[in-house]
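Q: Could you take a close look at the interior of this structure, starting from a single residue and working outwards to the elements that surround it?

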Amino acid sequence: GPDPVARIEALIRDVPDWPKPGVVFKDITPLLADAEGFRLAVDQITALAPTPIDIVVGMEARGFLFAAPVALSLGAGFVPVRKPGKLPSASIEESFALEYGHATLAMHTDALWPGARVLVVDDILATGGTVGATASLIKRQGAELVHVAVLMELGFLNGREALAQTGIDAVSAVV
Ligand code: HPA
């Protein structure tokens, strides 16, 4: 049908002054609730991925919503990255800086293997902190981060440039 990217953009809602004054929050819930839009979003993210991919890594919580269906679409496995204290088996953790304070992400130590070809999928690329920490978790296991594919990129937060400074330059966004 007509421009899938325009259709996707039309289903992402701007919420002014949320979660705090001056922020315009990109709300993906209208996109998820639209059967055609959700399908288009998953297909467009899938189309950004090089092949072959062994594993799609997705980050809690909104990343899961896109990473899992993209994994199915690619015929790849899915591995979750979670907040600390959620994964039941042996895990590694990586901390990263936020605007105020820090956050930590975790992954099971048996989730990946040396040489595994990994795609990271998330809903949004903002400052790049979450993707950067996830990339470290992947590389610490000897796996190969081959691409980062996101639905949305907030260009004004310069996440792409921050990631490039850590050697991550295979990044693409649908919108
Ligand atoms: N939407 C969702 N997540 C975000 C945003 C946003 O606008 N900015 C930073 N993280």
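A: Leaving aside its neighbours within four places in sequence, Leu 112 is in contact (heavy atoms within 4.5 Å) with Ile 55, Val 79, Met 107, Val 118, Ile 138, Gln 141 and Ala 143. This is a predicted model, in which local features need pLDDT of at least 70 and side-chain atom pairs count only at pLDDT 80 or more, while totals for chains, interfaces and linings use all residues. Residues are numbered from 1 along each chain as its sequence is written, and side-chain values use heavy atoms, with hydrogens and water left out.

Leu 112 is also among the residues with the most contacts inside the largest nonpolar core, together with Val 57, Met 107, Val 118, Ile 138 and Val 148. That core has 27 residues, a nonpolar core being a set of buried Ala, Val, Leu, Ile, Met, Phe, Trp, Tyr and Cys residues joined through side-chain atoms within 4.5 Å. Two or more residues each come from E3, E4, strand E5 (91–97), strand E6 (102–108), E7, helix H5 (129–140) and E8, where helices (H or I, at least four residues) and strands (E, at least two) are DSSP runs numbered from the N terminus. H5 gives the most to this core, with five residues. A second, separate core of 26 residues includes Ile 53, Phe 66, Leu 119 and Leu 151.

Phe 66 leads to helix H4 (residues 62–74), whose buried residues (under 20% relative accessible area; over 50% is exposed and in between is partly exposed, with a 1.4 Å probe and protein chains only) are Gly 63, Phe 66, Ala 67, Val 70 and Ala 71. Seen down the axis of H4, these fall within an arc of 135° (taken from the directions from the helix axis to the C-beta atoms), so they line one face of the helix. They pack against H2, helix H3 (35–47), strand E3 (55–59), strand E4 (77–81), E7 and strand E8 (144–153).

On the E7 side, Asp 123 lies in that strand (residues 117–125) and is buried, at a relative accessible area of 2%. Its side chain is joined to that of Arg 62 by a polar contact of 3.4 Å, meaning a pair of N or O atoms within 3.5 Å, of which, within protein, one must be able to donate a hydrogen and the other to accept it, residues adjacent in sequence counting only if both atoms are side-chain atoms.
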